[in-house]
Structures are given as C-alpha cells and as structure tokens.
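User: I'd like to learn how to read a few features of a model. Could we begin with a single residue and work outwards?

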Number of protein chains: 2
Amino acid sequence: MAVKLYELAGANPDLRFSPYCWRTRFALAHKGLAVDGVAWRFTDKAAIAFSGQTKVPVMVDGDQTVSDSWAIAEYLEHTYPDKPALFPNGRAHARFINAWADGVAQAGIGRLIVSDVHDVLAEKDQAYFTATREAFFGQKLTEVTAGRETRVLEWRRCLQPLRTILRTQPWIGGESPDYGDYILAGTLQWARCTSRFELLESNDAASAWFARVLDLFDGLGRRAVTV
Amino acid sequence: MAVKLYELAGANPDLRFSPYCWRTRFALAHKGLAVDGVAWRFTDKAAIAFSGQTKVPVMVDGDQTVSDSWAIAEYLEHTYPDKPALFPNGRAHARFINAWADGVAQAGIGRLIVSDVHDVLAEKDQAYFTATREAFFGQKLTEVTAGRETRVLEWRRCLQPLRTILRTQPWIGGESPDYGDYILAGTLQWARCTSRFELLESNDAASAWFARVLDLFDGLGRRAVTV
C-alpha cells in the first residue's frame, strides 16, 4: 500500500512546492516506497487535523501518522532498515546540515522569492500567506523581495561550503546521495517550483549538483510541475 | 613514542593558537596519543621544509609525516582504528562542517581579531603576517577590525545552526564529541588564545558547548596559554 503524503500545493493542485515536502518526497524515493501525494493548502487545516498538526508534510504509512520532515526521515530509517540508508553518515552531522539549510540557505531564499510564492498560491491561501509572512518580515512581500537582483549575489555565497566539498565528493552524502542532499535539494526545489528568479548561475558547481539530484529516481525532481 | 607536532606559536613560545593545530591537538587527545608539541613561527619555513609544506600543522608519527589538519585527522582514523573514532558520523558530512567552519565562522572571526593576532606574534613574524593579511583583506589590519563591537552581533548569528542542534544533542557529534566538535572548537580557540575581544556572550548555548570542549581531556583546551 502506498504511503499517503499531504503536500503543500498551489492554485494548480499539481504544483507541489514545499521544501519540507520535497525532502520527504526524495526520502521516500530513496527508500523505494510508493507515494500517493494529496494536494493540501495552507488553509486546509481540517484535512490534517487527524494528525494533530497544522502544517505539512503529514505522512500516513498504514496505521502510522508522522509529520515534520526530519521526523519522517527518522521514521523511514527506523521502519525500513533494509532499504537504502538515508543516514549512512549518521544523524548528528545531518542535523547540522538541516539546521544550516533551514536557517541560512532557505531563510535567505525566502527574502528573494516570497512574493513569487504568494503568486502561485490558491486564492484562499493568499490572504493567510500574506498576513503571516508580512508579520514575520515586518514588510510588505514586494518590499521583502525588492532589490533581489543585487542581493542574490550575496546569497550565492552562502553555498560556499557545498562548493568546497564538491571538489572532493560528488554528493553531500559522499560517494552517493543521502538525506543531507535531500535537505538542501528540497530547499532549492522550493524556489525552482515557485519562482522564475535565477537563484543559481548555470556555471556554478552547486547548480551541477542540484541538477544531479533532480535527475535521481528517474527525474523525480526534474519532472515536478513548476510555475 | 610521542607524536611530534609543529604548532604555530606567538612571541611567547607557549602561546599556541592556530585553529588548525588545535583541531589536530584535540584529535590526538581523542585518540589518546601523546604529543610532543614544537613551537613554530610563520617565518620558520626551513624547520618544516622536510615535510614539503610551508604551513602547520605538520605531524611526525614515527616515519610518517602528515600535514593539513583534515589529512591528519584522516590519517589518525586510518592508522589507529582501535582508538576512539574521530568520524563515528562518517567523513562526508564532517567535510561540510569543516568547509562551513573555515569559510563562515573562521573567516568572520578573522575580520574581528586579525589585528590582535598580529600583536601576539614574534617580532620576526609580524612583517610577514601584516604583508600577507593586508594583501588578502586589501586594508590595514586595524581597519579590518574597526567597528567590531557592532559587527560581532552579526557574526554571532552564523552559529545559529550549532545552537539549533544543541537543543537536541549535546555535541556536534551527537551523544559524544567527534571531529566535528574539534573543527569548530579549534576555530574558537584561535580567538580565545589570541584576543581579549568577547566573541560569544556567556549566556549563549554556543558558549556552553565550547566550555564543554575546553573541559575535555582534563581541560586540554582550558589550560592553553592565552594572551
């Protein structure tokens, strides 16, 4: 039986763009598990109330309900130990990469694309999104993304640790991809799906790495619907 | 026979402050190996010419000479597999932490303390240090560190990934310290040994973690000579 995954969707229900849901999508593919993705909107709180959560990803695997992308990855590793390991490099350092991706790479991307994210949302989600994000940033969304053509140059520098390790290993996981790769790829996929803004230059080693992740699992990430 | 370690020293030969040498010091202690530290100055190129290197750490273990802190850690893990593991979480993610520590945490600290580092050096090293660092920064050293009381507030934010993981694990290595801890602790020890500038606030979880690293191995880091 396929795992059921509630995924954040845009006005187009096939546009699935949450960075956290993408981490889970990649993790499920890594484990070779079939997925039944369910489009969910920010304001569909009732649809996932059974999970006790108000945000996705929410995953239902048989009689088990798990939410939060990190918790889902841990659950999958624990429940499917005979499938390829998500954490061949352990969890401790992967947590650091997760915290860095959330707090640095992803937080920075938010300041570059948040108004684009707004624009792909279903109309019923747009007021919720605008209110919560403007409260967070203390600015109008179009003010947050203003000047991004210049600011992206600074943002690109935050990926320097990735570029450094790519000189000696093809994946964050080393010789093969692991959950560390899916963490950051989920973050970049969020921008790729919601925005036409050019985050990475094509000649960047980070771009080449991201392209390799998109090609995994028969192009799972590559085939995603984008704006 | 003790391992011989060439370590960067100040005017006071007992002031050993290189972040890379500290990573090696902690790694050797983790492996339980005795160390014979040799004071070395930036301009003592001839003393380590036998290694083919112009920088420290240079480690001599019997008939083996190894330089570069990362290469030394790999050598120790390979050569002493029965001693406590430096990489219980593998090398791939540890490389990311190493690249992040060098390029973000440490690069930022340099802009806060480089003039203090100059001041602890032996006189014969000061001209070399000033010339190479002013060429790197494109500024006089005192200009580089100007305004640091304000800029340190921004620098402190770069440790956010550390603070995040410390909510769920006591060490970068997880339940016990590993080379990931020694990487960043080496970086902070560099500042602690050379500068009186207050890098971290005492109520910071990152400070508490660093204090724990300083207490390891009978206070190896704590007992270090500082400026």
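User: Is B:Ala39 buried, exposed or partly exposed?

Analyst: Happy to help, and do keep in mind that this is a predicted model. The idea is to count neighbouring C-beta atoms: 20 or more within 10 Å means buried, 12 or fewer means exposed, and anything in between is partly exposed. B:Ala39 has 17 other C-beta atoms within 10 Å, so this residue is partly exposed.

User: Where does B:Ala39 sit, and which residues is it in contact with, leaving aside neighbours within four places in sequence?

Analyst: B:Ala39 belongs to strand β2 of chain B, residues 35-40. With those sequence neighbours set aside, its contacts are B:Glu7, B:Ala9 and B:Pro13. B:Gly10 is 29 residues away from B:Ala39 in sequence, yet their C-alpha atoms are 8.5 Å apart.

User: How do I read a helix pair, such as α3(A) and α8(A)?

Analyst: Look at the angle between the axes: under 35 degrees counts as roughly parallel. In chain A, the axes of α3 (residues 92-120) and α8 (residues 179-194) come within 8 Å and cross at roughly 5°, which means the two helices are roughly parallel. Among the residues that meet are A:Ile109 and A:Ile113 from α3(A), and A:Leu184 and A:Trp190 from α8(A). By class, this contact has 13 nonpolar, five polar and one charged residues.

User: How many residues does each chain give to the contact between chains A and B?

Analyst: Chain B gives 23 residues and chain A gives 23 residues. On the side of chain B, the largest share, nine residues, comes from α3(B). That side has ten nonpolar, eleven polar and two charged residues.

Definitions and conventions
Residues are numbered from 1 along each chain as its sequence is written. Chains are lettered from A and ligands numbered from 1 in the order in which they are written. This is a predicted model: local features need pLDDT of at least 70, side-chain atom pairs count only at pLDDT 80 or more; totals for chains, interfaces and linings use all residues. Axes are lines fitted to C-alpha atoms, for helices over the stretch in contact, and angles run from 0 to 180 degrees between N-to-C directions. Angles under 35 degrees count as roughly parallel, over 145 as roughly antiparallel, 65 to 115 as roughly perpendicular and the rest as oblique. Two residues are in contact if their C-beta atoms, placed from the backbone, lie within 7 Å. Ala, Val, Leu, Ile, Met, Phe, Trp, Tyr, Cys and Pro count as nonpolar, Asp, Glu, Lys and Arg as charged, and the others, Gly among them, as polar.
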